[in-house]
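Grab a coffee and open the viewer: here are a few exercises to work through, each with a solution. Try each one on your own before reading on.

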Amino acid sequence: MRNEPQDMKIKVGFGKQMREIKVKIAEGDIPPYQPGDTLDEIGKGRNRLDAYAKVTGQAKFTYDRKLPGMLYGRILRSPHANATVKSIDTSAAEKMPGVKAVIKFHEAFRNRSVRHAGAGVAALAAETEAQAEAALRVIKVDYDVLPFAVTKEDSIAKDAPTVAGPNSENVVSGKRWNESQNEYEDRLEDQKTRTEEGFKKAKHIVEGTFRTQVQVHNALETHGVVCSWDGDSILIYASTQGTFSCVGEAKSARGPTKARNAHVISEYVGGGFGAKFGLGREGVAAALLAKSAKKPVHLMLNRREEQTDAGNRPDSHQELKLGLDAKGKIQVLRAYSWGTAGPGKSGAGARNQVIYDIPMLDKIEYNVRTNCGSARAMRAPGFPQGAFALESLLDMAADKVGIDPIEIRKRNDSHPVRLAEYDIGAEKIGWKKNRNRNPGAGKGPIMKGVGCASNEWFAAGGSGAACLVRIDQNGHVEVRNGGQDIGTGLRTIMAQVAAEELGLKITEIETFIGDTHDPRCPGSGGSTTTPTLMPAVRLAAHNAAIELLHLIASKMKWKADELEFRGAKVVRKDGRKLSKEISFKQVCALIPDDVLEVNERRPAMKIPGRRRPRANYQGFADTNSGVQFAEVEVDIETGVVKVKRVVAVQDSGQIINAKTAESQVRGAIIQGVSYALFEDRVMDRQEGRMLNADLENYKIAGPMECPEIDVTLLDVYNGKNNTNSMGLGEPPIIATAGAIANAVANAIGARVMSIPITPKKVLAALEKKRKNR
């Protein structure tokens, strides 16, 4: 193991596109896997280690936790979209049977404002759920009810009420934090002037207005916690994407919980798409109730609460204008967008300028405040909205220029991996055979079409993760990290990476996650968990292997740097036979102190493992990419769209587990189909409430709506970290809606400019087409 940074050459790339680059391996780190390396676990499609526990019900999620003497928490929520809490009378509730604690939110959180229907105003804990529900009904709240706006259109209107209180604007511009108003206005004017010149020079101009809806998260397990105090220390079982962020929130001197010590356990999490990074008000409320009652409190949101007060993907209104030269090369893009993230002033952008090469850009994003539940990050925030609009516009541009949609993408795409992915996907979907050359010209009533769209993501990981590898004298191996698995298969790939370094099978590795008494891990967001944590796992296992090899080398008078573990025994790296066959377990028997531990706090011997170095290496590409092709059937009599097949070609660096990686892509596509065709938050503009806050009226794609999904994973030696891994959770959802929208247009010869693509919209597009003939 080297102690100083060292320059070395590594190979990066994929297939025939390999090249050698010079990188500086940071102090304490190791080089990435290289082409030609013999790898027994990396890249293999292994079954999930926790699959049996999940399918048999042995896995304990937060919702399943039952502690002795536990109470049940419930939250009273405002029926008003905009109001100020004048007073709350909880005296009757406090006298109700079984009630042990009551809190008022305006006292706990020091804010009397209620900015959306469904916002919490009080909470209580009782011995049973029924008692808690009954007690909520007798709490009396006196509100000062205010005017409200729950749609962008109402909030932007000239006579619109102030959504977020005095001295706030309903429409918030995209002014950068470090620029003055004059600088902001000058920048916009300069953008507009330059792009106007670009449009004058363009041979072809296409433009369109595109709209996307609000999508709510609906993870299988709702938000919530189980809290228990011991003096000034708190134990929290949490359904979270950020175990350590929950610790920080519980201990914060600025927050209401103010625990001296906090221990968070999230052994199993029932999904999370970006909305579960902290305790949330529900978690803090549970902690305060537990402290007051001196008993554990279980507080999990129900489905209505989950849909109205636990985050969403913002909607968008995008006005795009694209200028191209005679050959279809993009020259200029103007992209103005408006979206609402609820009463907050940011978070509603649309990433409609990424993926393709755009030399000149005029982009402005406006955040429109509304009296709806606040948005939270949701799987590739801003990207699906922007990609739907840009990919639709690009197909429109291909029609105008007179070239194939794949060809126009290739002419405007410089990503080496994606350029290869177009050809792979086109062949798999049967692009030449199945694409309509005369869209909408068939007899019907079932019209078929295919479409394509692309994605891009940028997660190569970083610092913030550490791993503990513990090996005892019997050869039992534990790999431990305090991070959380939100359904991606984290346990399994941790075991694969460690097993590769230790020459074992993954079934010989026991993994532990989701306990903040173990080493740190960043939150599971931005597709950063795998490329951040796996290099730390590899490094810890590598260091442990080296220490074990030093033990046996010293005893046998061998050279440690000529040895490695493979097939659960010590072998020579050059393949020559050793003088004696020694198993992994025999080496472990030599451990002097019963247990060998390698982690970031206690490096093995003199080997400087510690936490993985911050900087990533230079690599093959700064982003990973994907392309999707959709095949649809459209009934032109009813307007019903059926997605028959989706082909996805996706890169996420070097694949660690082919089976779990493919599962991630499939899940994202199903969610993307649901976003494209079904999901839509519906607000009552008169009452200010969500009308479909349940899983009966909020439509989500089920088994009957799921298409055949064909996934091809490209193995790319990206070189950005010691495992070559890149993020995969988010990129596959970006392209799906755009690919489906383009396939529908190819089928019927008319374009639906907004999602979800409902039967009503399809029929309206067909009627508009007939009128324009």
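**Exercise 1.** In which loop is Pro 756 found?

Keep in mind that this is a predicted model. Start at helix 19 and head for helix 20 (759-771): Pro 756 sits in the loop between the two. Now check the bond leading into that proline. Ile 755 and Pro 756 are joined by a cis peptide bond, with omega about 5°. Most peptide bonds are trans. For another example, go to the bond from Gly 444 to Pro 445, which is cis with omega near 5°. Pro 445 belongs to the loop between helix 13 (431-434) and strand 20 (446-457).

**Exercise 2.** Work out how helix 17 and helix 19 are placed relative to each other.

Step one is the geometry: the axes of helix 17 (residues 658-677) and helix 19 (residues 736-748) come within 8 Å and cross at roughly 55°. Step two is naming the angle. Angles from 35 up to 65 degrees fall in the oblique class, so helix 17 and helix 19 are oblique to each other. Step three is the hand, and helix 17 passes helix 19 in a right-handed crossing. Last, look at who touches whom: helix 17 brings Ala 668, Ile 669, Gly 672, Val 673, Tyr 675, Ala 676 and Leu 677, while helix 19 brings Thr 736, Ala 737 and Ile 740. Sorted by class, that contact has eight nonpolar residues, two polar and no charged.

**Exercise 3.** Do the same for helix 10 and helix 19: at what angle do they pack?

The angle between helix 10 (residues 383-401) and helix 19 is about 35°, and their axes are 8 Å apart. The crossing is right-handed. On the helix 10 side you'll find Phe 388, Glu 391, Ser 392 and Asp 395, and these meet Ala 737, Gly 738, Ala 741 and Asn 742 of helix 19. Count by class and you get three nonpolar, three polar and two charged residues.

**Exercise 4.** Which element gives the largest share of the lining of the second largest pocket?

First, get a feel for the space: the second largest pocket has a volume of about 830 Å³. Next, list the contributors. Helix 14 (490-502), helix 15 (529-556) and strand 24 (563-566) each supply at least two lining residues. Helix 15 takes the largest share, with six residues. The full lining is 27 residues, and Glu 501, Arg 538, His 542, Glu 564 and Lys 573 lie nearest the centre. By class, the lining splits into 13 nonpolar, four polar and ten charged residues.

Key. Residues numbered from 1 in each chain as written. Predicted model: local features only at pLDDT ≥ 70, side-chain atom pairs only at ≥ 80, totals over all residues. Heavy atoms only, no water. Axes fitted to C-alpha atoms, helices over the stretch in contact; angles between N-to-C directions. Helix = DSSP H or I, 4+ residues; strand = E, 2+ residues; numbered from the N terminus. Parallel < 35°, antiparallel > 145°, perpendicular 65-115°, else oblique. Left-handed = near helix turned anticlockwise from the far one by under 90°. Contact = heavy atoms within 4.5 Å. Nonpolar A, V, L, I, M, F, W, Y, C, P; charged D, E, K, R; others polar. 1 Å grid on protein atoms, 1.4 Å probe; cavity = no way out; pocket = protein on both sides within 12 Å on 5 of 7 lines; lining within 4 Å. Points joined across faces, edges and corners; volume = space filled by probe spheres on them.
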